[in-house]
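Colleague: I would like to learn how to read a ligand site in a model of this kind. Could we go through it together, beginning with the surroundings of the ligand?

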Amino acid sequence: MGELLVLIDHAEGQPRKLSLQMLTAANQVASQTGDTVSAVWLGEGASGAADVLGRHGATKLYAWDSPDALGYVTLPQVEALQQVMETSGAEILFFASTNLIKDVAARLAIRVDGGVITDATGVEVADGRIVATKEIFGGELITKCTFADGRKQIVGISNNAFAAEETGGGAAEVVNLDVSLSEAATAAKVTNVEKQVTSDRPDIAEAAVVVAGGRGLGDEQGFELMEQLADVLGAGVGASRAATDAGWYPHRYQIGQTGRTVSPMLYIGSGISGAIQHRAGMQTSQNIIAINKDGEAPIFSIADFGIVGDLYTVVPKLIEELQAR
Ligand code: FAD
């Protein structure tokens, strides 16, 4: 019996929702491998989260509170994780499958003689090894992947693939780490970070509801309508690439193969045709509503509910109806 590690993704002292979902996935795996689940927290604020992480099934919380821990520089994180894997003897590490951490995961895998599977939407155990479910080719195929024998298993978990469930455990035991970094790891330092996003709306990768607009909006004013709809639903706003390329909405909100991946409880797409590259970033949404004036638009083939009509007629009515509730 060993430890299964979960690298906690956090912001402003709070674990992100995906971190709690990863703990649920880890507990499912640990119940089959006989491991216990330990969380790893890089950066400040670990002790304040020991309670919530414990309630979601982490028995131990490895914490490295250092300015080097969260500087958007890869190597310090890699070396800290390498140390935790080696000292704990853990064979498996789960991480949030974001671009920032994928970089860390790949370098870590080389150092610990491991493999990496990213963007897993399901995890099972067969012959003592993780078998992960993963979509490829923009979601055209669903694959099952596993690791070569004897390799450490580093698995990136997708947003909203698991529900975050409390296990009834008490606060996780905090174990403070003392990490001695190599010269290479401290060669580059971040000296200043400015937060660019000022919106009060939830981040699209985490939001329970995402409202997305495409070329069918016609111009950038169309996004004001999307924001109105988002605000009555407490949603995040996303866009197709056609809309971001036209400069109607910032690129950081682009959903799709070359943008962000969203997997909310509810996705509402207006004036979006549903090209494969867009679907790659939203088709794992639990409920999809499409509003499009072309009844043949491909998005309807993956929509749970479709409205064929002009979005400028449909969306204001929808907002009115929702506001009346
Ligand atoms: P369109 O395909 O032009 O669709 C507009 C839709 O709006 C139409 O279906 C039309 O019927 C409907 N419409 C028009 N007016 C109205 C109205 N008044 N009311 C209701 N409906 C209306 N795309 C992405 O989105 N994300 C990506 O990450 C991405 N990556 C790409 C990567 C590569 C390598 C390539 C080649 C392409 C990529 N694309 C991506 C682009 C993708 O192929 C499509 O071109 C793009 O998604 C189309 O955006 P759209 O649906 O907004 O526009």
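Modeller: This is a predicted model, and a good place to begin is the shell of residues that have a heavy atom within 4 Å of the ligand. Here 24 residues surround the ligand, and the closest are R215, S240, T258, S273 and N292.

Colleague: How do the residues of that shell divide into nonpolar, polar and charged, and which helices each supply at least two of them?

Modeller: The shell is made up of 5 nonpolar, 14 polar and 5 charged residues. Two helices, α6 (241-245) and α7 (276-279), each supply at least two residues of the shell.

Colleague: Which side chains have an N or O atom paired with an oxygen atom of the ligand?

Modeller: For such a polar contact, one looks for a pair of N or O atoms within 3.5 Å. In the side chain of S240, an N or O atom is 2.6 Å from an oxygen atom of the ligand, while for the side chain of Q254 the corresponding distance is 2.8 Å. H278 also has a polar side-chain atom, 2.9 Å from an oxygen atom of the ligand.

Colleague: How much of the ligand's accessible area does the protein cover, and which pocket does the ligand take?

Modeller: On its own the ligand has 980 Å² of accessible area, of which the protein covers 75%. The space that the ligand takes is the second largest pocket.

Colleague: And what does the radius of gyration say about the chain?

Modeller: The chain has a radius of gyration of 21 Å, which agrees with the value near 20 Å for a compact globule, because the chain has 325 residues. Its secondary structure comes to 8 helices and 16 strands, and the C-alpha trace spans about 60 × 45 × 35 Å along its principal axes.

Terms used:
Residues are numbered from 1 along each chain as its sequence is written. This is a predicted model: local features need pLDDT of at least 70, side-chain atom pairs count only at pLDDT 80 or more; totals for chains, interfaces and linings use all residues. Side-chain values use heavy atoms; hydrogens and water are left out. A polar contact is a pair of N or O atoms within 3.5 Å; within protein, one must be able to donate a hydrogen and the other to accept it, and residues adjacent in sequence count only if both atoms are side-chain atoms. Accessible areas come from the Shrake-Rupley method with a 1.4 Å probe; for residues, only the protein chains shown count as cover. On a 1 Å grid over the protein atoms alone, a cavity is a set of points where a 1.4 Å probe fits but cannot get out, and a pocket is an open set with protein on both sides within 12 Å along at least five of seven lines; lining residues have an atom within 4 Å of a point. A molecule sits in a cavity or pocket if more than half of its atoms lie within 2 Å of its grid points. Helices (H or I, at least four residues) and strands (E, at least two) are DSSP runs, numbered from the N terminus. Ala, Val, Leu, Ile, Met, Phe, Trp, Tyr, Cys and Pro count as nonpolar, Asp, Glu, Lys and Arg as charged, and the others, Gly among them, as polar. The radius of gyration is taken over C-alpha atoms; the globule rule is 2.2 Å times the number of residues to the power 0.38.
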